[in-house]
Amino acid sequence: MSLPVPSSDALAASHALSHLIAAEIARNDGAISFARYMELALYAPDLGYYSGGSAKLGKDGDFTTAPELTPLFGAAVAQAAAAIIAQSAPQILEFGAGTGKLAFDILTEMAVAGVAIERYFIVELSGELRARQQEKLRDFPNVQWLDEFPDAFDGVVVGNEVLDAMPVHLVTRHPQGWHELQVTVRDGRFDYLETPAGAELQAQIALQIQQHDSLPVGYVTEVHGVACGFMATLARMLRNGRANAAFLFDYGFPAHEYYLGQRATGTLMCHYRHHSHPDPFYYPGLQDITAHVDFTAMALAAQEAGAEVLAYLNQAGFLIGAGAGDLLLRTDPADALRYLPQAKALQKLLSPAEMGELFKVLVIGKNVVLPDAIAAQDRSHRL
C-alpha cells in the first residue's frame with residue numbers, strides 16, 4: 001500500500017501498542033479474537049486510536065464526518081430533535097461526540113429556534129476527545145459529561161457514526177461450519193488464525209445472520225455482538241423512560257443487502273489520513289477500523305430489549321424531512337462566497353452517490369410521534 005508515512009512519535013506509539021497486543025496474545029495461548037484486537041487497537045488507554053492524542057476528524061485527521069462538513073447537519077438534527085422534545089423532556093444525550101462539533105451545532109440551532117435545552121449529556125470513552133469537546137463547548141454550561149448510560153432517559157439521544165466503531169468478530173464459512181478469524185503473531189507480524197467458532201459465537205451467528213446455513217464456503221463477514229449489546233442497553237434506558245427517541249446515523253445495510261455475494265470478503269475498512277484500505281494490522285493505533293452496520297440486527301436487538309423501531313430511512317430522507325433545504329436558504333444564494341460551500345457540503349450529505357444513500361438513520365424510542373416529513377421517508381419494512 002502507498003500510504004503517508006507516520007511521524008517518528010506516531011510510529012513509537014504504534015510500536016508500543018503492538019507490543020501490548022502481542023503480549024496479550026502470548027498470555028492467551030497465542031491468539032485473541034479479532035474483536036479484542038479491534039478493541040485494543042481503538043481504545044487501549046493512551047495508545048489506542050480513540051484514546052491517543054492524534055487528530056482523527058477533519059482535514060488534518062483520517063476521515064470526515066457529516067457534522068465536520070457543514071453546520072447544516074447539526075441544525076437539521078436539532079429541528080428533528082425539537083419536535084421530539086416538545087413531546088418529551090428538554091434534554092439530549094449524545095454518544096461519541098467526536099470534536100464536539102455536532103453538539104455545538106445542535107445547541108446553536110436550538111438557541112436560534114428558542115428551544116431551551118436543560119441538559120446536553122455526552123458519553124465519551126476517549127479522554128483526548130472529551131478534552132477537545134470541553135474546549136469546543138466551553139460556552140454552553142448545560143453540557144455535562146457522563147461515563148455510562150443513565151438508567152432511564154427522556155428526551156433525544158443522538159449517535160453519529162458510533163455503531164461502526166464497535167469491535168466485531170470476524171468469521172468465515174467452512175464446509176464443516178463457521179470458523180472464527182482470530183489474531184495471532186506469525187513471523188513477527190499480526191496475522192489471522194482460523195479456528196472453529198465457539199458455542200457463544202455460533203449462537204450469535206445464528207441470531208444475526210438468518211441465511212447463515214446458505215452462505216457459500218469461504219464467505220467472510222462480521223458478527224456485531226458488541227453493537228447488539230449496546231443497542232439492548234440503549235433500548236432498556238429508553239424503555240425505562242416516559243417518552244423519547246434515539247437517532248442513530250451510520251453507514252450500513254439491512255440484512256438482506258448486507259450478506260450478498262459482493263460482500264463475500266466482509267465490510268471491514270480502515271481509514272488513515274483520508275485513505276481507505278482493508279488492512280487492520282497496518283500501524284495499530286494510528287488508523288480507524290470500522291465495519292458497516294447490520295441495521296436489521298440493531299433493530300432486532302432494540303426491539304427485544306423493549307424499545308420500538310420508530311423509523312429506518314436513508315440520511316438524505318432524514319435531512320430533507322428535517323428541513324435541511326430550508327436551513328440552507330437562510331444563506332442568500334446571491335452571496336456566492338458563503339452559499340456555494342454550504343450548498344456543496346449539503347449536496348454531499350444528500351447525494352445517493354455520496355453519503356445520502358449509504359448512510360442510514362435508525363430511530364428507536366417510545367411514546368413519541370416523528371414529524372410527518374420524516375415519517376414519510378420510513379423504510380423499516382425493508383429491515
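In this predicted model, Lys366 belongs to strand E16, which runs over residues 359-366. Lysine or not, Lys366 counts as buried: its relative accessible area is 19%, and the cut-off for buried is under 20%. Setting aside neighbours within four places in sequence, the residues in contact with Lys366 are Leu238, Arg239, Gly241, Arg242, Ala243, Asn244, Glu308 and Leu310. Ala307 is 59 residues away from Lys366 along the chain, yet the two C-alpha atoms are separated by just 6.4 Å.

Gln315, in helix H11, is another buried residue, this time with a relative accessible area of 0%. Once neighbours within four places in sequence are left out, the contacts of Gln315 take in Phe73, Phe249, Leu349, Met355, Gly356, Phe359, Lys360 and Val361.

Next come the aromatic rings, with a total of 22 aromatic pairs. Take Phe95 and Phe230: the ring centres are 5.2 Å apart and the planes sit at 80 degrees, so this pair is edge-to-face. The pair ties together distant parts of the chain, with Phe95 in strand E2 (residues 91-95) and Phe230 in helix H8 (residues 225-239), 135 residues apart. Phe95 and Phe230 are both buried. Phe249, already met as a contact of Gln315, pairs edge-to-face with Phe318, at 5.1 Å centre to centre and with 90 degrees between the planes. Here too distant parts of the chain are linked: Phe249 is in strand E10 (residues 244-253), Phe318 is in helix H11 (residues 315-321), and these positions lie 69 residues apart in the numbering. Both partners, Phe249 and Phe318, are buried.

Rings also have charged company. The charged end of Lys136 sits over the ring of Phe104, 4.6 Å from the ring centre. Over the face of Phe253 lies Arg263, at 3.8 Å from the centre of that ring.

One aromatic cluster brings together Phe34, Tyr37, Phe190, Tyr192 and Phe281. Two of its members, Phe34 and Tyr37, are among the buried residues of helix H2. That helix covers residues 34-43, and seven of its ten residues are buried, so H2 is largely enclosed by the rest of the structure. Alongside Phe34 and Tyr37, the buried set consists of Ala35, Met38, Leu40, Ala41 and Leu42. What covers them? The elements over the buried residues of H2 include helix H1 (8-27) together with strands E1 (32-33), E6 (169-174), E7 (177-186), E8 (189-196) and E13 (288-290).

The packing of H1 against H2 can be spelled out further. The helix axes are 10 Å apart and make an angle of about 150 degrees. H1 and H2 are therefore roughly antiparallel to each other, and their crossing is right-handed. On the H1 side, the residues at this meeting are Leu17, Leu20, Ile21 and Glu24, and on the H2 side they are Arg36, Tyr37, Leu40 and Ala41. Tyr37 thus turns up in the aromatic cluster as well as in the packing with H1. In general, an α-helix has 3.6 residues a turn, so residues three or four places apart point the same way.

Terms used
Residues numbered from 1 in each chain as written. Predicted model: local features only at pLDDT ≥ 70, side-chain atom pairs only at ≥ 80, totals over all residues. Heavy atoms only, no water. Phe/Tyr/Trp six-rings, centres within 6.5 Å; stacked < 30°, edge-to-face > 60°. Helix = DSSP H or I, 4+ residues; strand = E, 2+ residues; numbered from the N terminus. Buried < 20%, exposed > 50% of the residue type's maximum accessible area, 1.4 Å probe, protein only. Lys NZ or Arg CZ within 6 Å of the ring centre and 35° of its normal. Contact = heavy atoms within 4.5 Å. Axes fitted to C-alpha atoms, helices over the stretch in contact; angles between N-to-C directions. Parallel < 35°, antiparallel > 145°, perpendicular 65-115°, else oblique. Left-handed = near helix turned anticlockwise from the far one by under 90°.
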